[in-house]
Amino acid sequence: MTTALRIVRAGPGATLQDAGRFGFLRFGVTPAGPMDWAAFRLANRLAGNPEGAAAIEVSIGGLEVEAEGAPLTLAFAGAPYAVQRNGAALPPAGRVVLRPGDRLSVRPGEIGMWFYVAINGHIDVAPTMGSLSTHLRSGLGGLEGRQLAAGDRLAIADAVALDDAAADASWLVPSPEPLRVVMGPQDDYFTLAGIATFLGRAFTITTQMDRMAYRLDGPEVEHAKGFNIVSDGITLGAIQIPGEKRPFVLMADRQPTGGYPKIATIIRADVRRFAQMRPGASVRFAKVTVAEGATELRRLVELIAETAREARPLVRSELSSEFLLGLNLIGGVEDAARPLV
Amino acid sequence: MSRQIEPRYLPAGECAVVVEYGTTVDPHLSELVLALDAAVLAAAIAGVAETVPTYRSLMVHFDPLVIAPDALVARLGSLASGLATTSRDLRRWTLPVCYAEPYSLDIAFVAKALSLTEERVVALHQGATYRVYMLGFAPGFTYLGGLPAELTISRMTSPRARVEENKLMIAGGQAIVTTVAMPAAWYVLAETAERLFSPRRDPVFLAAPGDEMRFEAVAPHEFESIRERVARGETVARCESVS
C-alpha cells in the first residue's frame, strides 16, 4: 500500500498551500500561499520540513485525516483549535506520529480562522507553475485547483517518523493590539481628516472576508482626489480604500495589481494576526516606519525558529486541562469574549 | 528615451517598494518602467524576490532580512539614474482572430453605437498595432494600448455575467484579451484561436509587458481548423522581433 494521508473529513476551506506561487506575479497570477504565514512556517519546522513546503491549510470547517501504509509524522500549529489523535487531546501546536489507521482531527475553537497540518516528507502531487498552492478562483494548484474533500489521498514521499512533541506557541493566539501599518504607497490620495480617521478610529471585520480580501466596516475614510488610480502593484496586507470609503485589505489570494488607492500596508508581523480575526472583530491601525516593520519581521522569524527548536517531548498520551492551561492557550478558547492580554 | 524622469519611491509595507514614474497611461512611462525592470532583473540583487511592471510603476518585492529597505532604495536609485537610453528589441505577436458571430458578440451593436459600418470596425481594430502594457486581474489577462480613437466606447451599463476566454474586448478606449471566463462590462469584438495563458504549456504565457500585438482576421472555417491545431498543443501565434 502506498504511504498516504487519507482525508476522512474536510470542512469548507481546507486546501493545500505552500509558500506561494511566485515568479508569475507580472503575468497576473495570484500568489496564494498561507493566510497565517507564521503558523504555516512553524508547522513545517515542527514537521522537519523546509519552511515553505506544502501543508494543509484548515479553516473553520475543520479536518480529519488518517495515515495509510506507513507511519506518518504530522505537525500542526495555527489558531487555538482542538486537536486530537484517536480522540485524545493534543496541545494546539506540536507533532505526533500517526501509525496506519490512526487519525488526527482538528476542530475549530471560538477564535481564529486558519490552522496548518504539515506532514514530514513531501506531498507527492505535481505542482502547477512551480507551486502546490491552491487558488480556487483560477482553479490552479492543489488537487485539480479545488478544496480537499473526504476520500482524497495525498501520497507522501520520504516520510520519516519523528518523536511526538509539544511546542509552546502561545504567541499564535490572536491579540487585540492595534495592527501596525506602514503608510502608503498612496496615502497622498487622502485628506488629513481621512488619515486621522484611518489611524484614530476602530473598524470592524465584516462577513465579506475570504482568502482574497477582508472587507472592513466603520467610519468613512475621505479621499482627496478620487478613488481611481491607474493600476499598480499590490502586496500582502495592502489596505485599499475604494469608492465606498471603507478599508479593503488584500490577503493571500490577492490580484498582483489593482486600481484603487492604498492608504497603508499592514506589516508582515501583524498581517498573520489580522488574518486570524473573525467577522465582528474590532481592529485599529497604528503607524510604524519601514525599519520598524523590518525589525518586527525579524523578531517573529526568530520566534518561529526558537519555538520549533524548543519543542519538548510529548510524554503524555492524553493531556489534562491543567496541562493545556499551563501552555497558556486554552483560556482563549474557553472565554473568547474576554480580551486576551 | 529622450525625457528622463526622476521616479518616486513609495513604501508598500516593509517587503515591497513601488518605483513610480507617473500616474497616467503613457507609452513613455511604460518604457521607463520596463527599462528599470530589465535593469533590476539583470542586477540580480540578493533579497529581491520578484518585480511587477505596471503601466506607470514597478513594484519590487523583497526580503528586508536580506537587504535593508533603505539600501534597496539606494540601489534602485542608482539603477534608475543609469538606465540605458538605447531602444530595446521589441517582440511583435500576431494572433489569428475571427470577427464573425458567434466569435464576436457585439460587433453589430458597436458599429451602430459608433455610427460605423461593421467592416470599418473590423478594419480599425485589425489595422492597429497594440502595446501590451500590463498583464493583470487574472492570469495572462492582457491590457492593450493603441486602440484607434474611433473605437472609443463606454462600458456596458450592466456587465455580462460570463465572457469566455480568448475574447477580444474593447471599452473606455482600451482593448483587452481575456484568458479565463469572467463577468465583464466590455464589448466583445472577436475571438482568438490562440491561448495567451495555458498552465500546462511551456511557456505558460506568450506575451509580456512591452510586447506589441496585432490581430489577423480569418474566416470561421479556417478559425476552427486553427483552433484544432491549438487544441493539439500547437502555438499558432507568430512572434517576430522588430527593432
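What share of the 243 residues of chain B count as buried? In this predicted model, the share is 42%, and the sections below take up the fold of chain B, one of its helices, its contact with chain A and a sheet in chain A.

## Overall form of chain B

The secondary structure of chain B comprises 5 helices and 14 strands, and its C-alpha trace extends over about 55 × 40 × 35 Å along the principal axes. A compact globule of 243 residues would be expected to have a radius of gyration near 18 Å, and the 20 Å computed for chain B agrees with that expectation.

Among the contacts in chain B with a separation of 6 or more, 62% join residues that are 24 or more positions apart.

## Helix α4 of chain B

Helix α4 of chain B runs over residues 118-127, and B:Val121, B:Val122 and B:His125 are buried within it. Because these three residues cover an arc of only 95° around the axis, they lie on the same side of α4(B). An α-helix has 3.6 residues a turn, so residues three or four places apart point the same way.

The other side of α4(B) carries B:Glu119 and B:Gly127, both of which are exposed. The cover over the buried residues of α4(B) includes a helix, α3 (107-113), together with the strands β12 (187-192) and β13 (212-217), which belong to chain B as well.

## The contact between chains A and B

Where the two chains meet, 38 residues of chain B are in contact with 35 residues of chain A. On the side of chain B that touches chain A, at least two residues each are supplied by β1 (8-11), β2 (16-20), β3 (48-53), β4 (57-62) and β6 (130-135) of chain B, and the largest share, 5 residues, comes from β3(B). By residue class, this side of chain B divides into 26 nonpolar, 9 polar and 3 charged residues.

## An open sheet in chain A

Chain A contains an open sheet of 8 strands with mixed pairing, in the order β22-β15-β16-β19-β18-β21-β14-β23. Its edge strands are β22 (282-283) and β23 (285-287) of chain A, each of which pairs on one side only.

Within this order β18 stands next to β21, and the two strands of chain A, covering residues 238-240 and residues 262-266 respectively, pair in the antiparallel sense over 3 bridges. In this pairing A:Ile239 is placed opposite A:Ala264 of β21(A).

Terms used. Residues are numbered from 1 along each chain as its sequence is written. Chains are lettered from A and ligands numbered from 1 in the order in which they are written. This is a predicted model: local features need pLDDT of at least 70, side-chain atom pairs count only at pLDDT 80 or more; totals for chains, interfaces and linings use all residues. Two strands pair if DSSP finds at least two bridges between them. Helices (H or I, at least four residues) and strands (E, at least two) are DSSP runs, numbered from the N terminus. Two residues are in contact if their C-beta atoms, placed from the backbone, lie within 7 Å. Ala, Val, Leu, Ile, Met, Phe, Trp, Tyr, Cys and Pro count as nonpolar, Asp, Glu, Lys and Arg as charged, and the others, Gly among them, as polar. The radius of gyration is taken over C-alpha atoms; the globule rule is 2.2 Å times the number of residues to the power 0.38. A residue is buried if 20 or more other C-beta atoms lie within 10 Å of its own, exposed if 12 or fewer, and partly exposed in between; C-beta atoms are placed from the backbone. The arc is that of the directions from the helix axis to the C-beta atoms.
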